[in-house]
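This report looks at charged side chains and how they pair up. Take a look at the structure, then read on.

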Amino acid sequence: MIPTVSPRGARRALVVLSLGLAAALAGSALAGPAGRTPLDRNGDGAIDRGEAAARPRLAERFDRLDRNRDGRLERVELRAQRAHHPGPRMRHVRKQIARADLDRDGQLSRTEAQALPRLAQRFDRLDRNGDGYLARGELRRRRR
């Protein structure tokens, strides 16, 4: 018997799948080699106000993003912000995934993934349980 999913549940699954897949495909927008961000000029693993000044939009949102009020933006704070406010690249990837999910079941089969060449190349690595589908749990683990 095939389980049924409500349209709302399918949309929710697709959003979660999209976020995970986008993170797996796009990587961290601010991360550079060895986990450092290009803005982290002093190499301490965080972005302070002076470093954030190089990006005006980041500088104007600095206080809102600095959740622990230590005057530095750590990787966790930046990731949380990107998860809630995806940029144009993330929106583009979400649209691609939504188009590729032809049966609207919230997961991508190997056949559906062929519509996205970069994803198709990584499919076997991402499909950790080897069932031929990319589900949100597999993509969530890949993100970390």
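The model shown here is predicted.

**A buried acid**

Start with Asp66, which sits in the loop between α4 (62–65) and β2 (72–74). Which residues does Asp66 contact, leaving aside its neighbours within four places in sequence? They are Gly71, Arg72, Leu73 and Glu77.

Asp66 is buried, yet it has no salt bridge. Side chains of opposite charge can pair when their charged atoms come close. For Asp66, the nearest side chain of opposite charge belongs to Arg69, 5.4 Å away. A salt bridge needs nitrogen and oxygen within 4 Å, so a pair 5.4 Å apart does not count. The side chain of Asp66 does have another polar atom to face: the backbone nitrogen of Asp70 lies 3.2 Å from one of its polar atoms.

**The salt bridges**

How many salt bridges does the structure hold? It holds four. Three of them are listed here.

| Pair | Closest N to O distance |
|---|---|
| Asp44 and Arg72 | 2.9 Å |
| Arg49 and Asp63 | 2.4 Å |
| Arg110 and Asp124 | 2.8 Å |

Take Asp44 and Arg72, whose side chains meet in a salt bridge. This pair links distant parts of the chain, 28 residues apart. Asp44 is in the loop between α1 (7–26) and β1 (46–48), while Arg72 is in strand β2. Asp44 is partly exposed, at 36% relative accessibility. Arg72 is partly exposed too, at 29%.

Next come Arg49 and Asp63, which also form a salt bridge. Arg49 lies in helix α2 (residues 49–52) and Asp63 in helix α4, so the pair ties together parts that are 14 residues apart in sequence. Arg49 has 46% relative accessibility and counts as partly exposed. Asp63 is partly exposed as well, with a relative accessible area of 44%.

Then there is the salt bridge between Arg110 and Asp124. Here the partners lie in helix α7 (residues 110–113) and helix α8 (residues 117–126), so two parts that are 14 residues apart in sequence are tied together. Is each partner buried, partly exposed or exposed? Arg110 is partly exposed, with a relative accessible area of 36%. Asp124 counts as exposed, at 55% relative accessibility.

Some salt bridges share partners. That sharing joins Asp44, Arg72 and Glu74 into one network.

**A buried serine**

Move on to Ser109 in strand β3 (residues 108–109). Is Ser109 buried or exposed? Ser109 counts as buried, because its relative accessibility is 13% and the limit for buried is under 20%. Not counting residues up to four places away in sequence, Ser109 touches Phe123, Gly132 and Tyr133.

**Two arginines with positive phi**

Finally, check the backbone. Most residues other than glycine have a negative phi. Arg69 has a positive phi of about 55 degrees, although it is not a glycine. Arg69 is found in the loop between α4 and β2, and it counts as exposed at 58% relative accessibility.

Arg104 also has a positive phi of about 55 degrees. Where does Arg104 lie? Arg104 lies in the loop between α6 (88–100) and β3. At 48% relative accessibility, Arg104 counts as partly exposed.

Technical notes. Residues are numbered from 1 along each chain as its sequence is written. This is a predicted model: local features need pLDDT of at least 70, side-chain atom pairs count only at pLDDT 80 or more; totals for chains, interfaces and linings use all residues. Side-chain values use heavy atoms; hydrogens and water are left out. Helices (H or I, at least four residues) and strands (E, at least two) are DSSP runs, numbered from the N terminus. Buried means under 20% relative accessible area, exposed over 50%, partly exposed in between (1.4 Å probe, protein chains only). Lys and Arg count as positive and Asp and Glu as negative; His and the chain ends are not counted. A polar contact is a pair of N or O atoms within 3.5 Å; within protein, one must be able to donate a hydrogen and the other to accept it, and residues adjacent in sequence count only if both atoms are side-chain atoms. Contact means heavy atoms within 4.5 Å.
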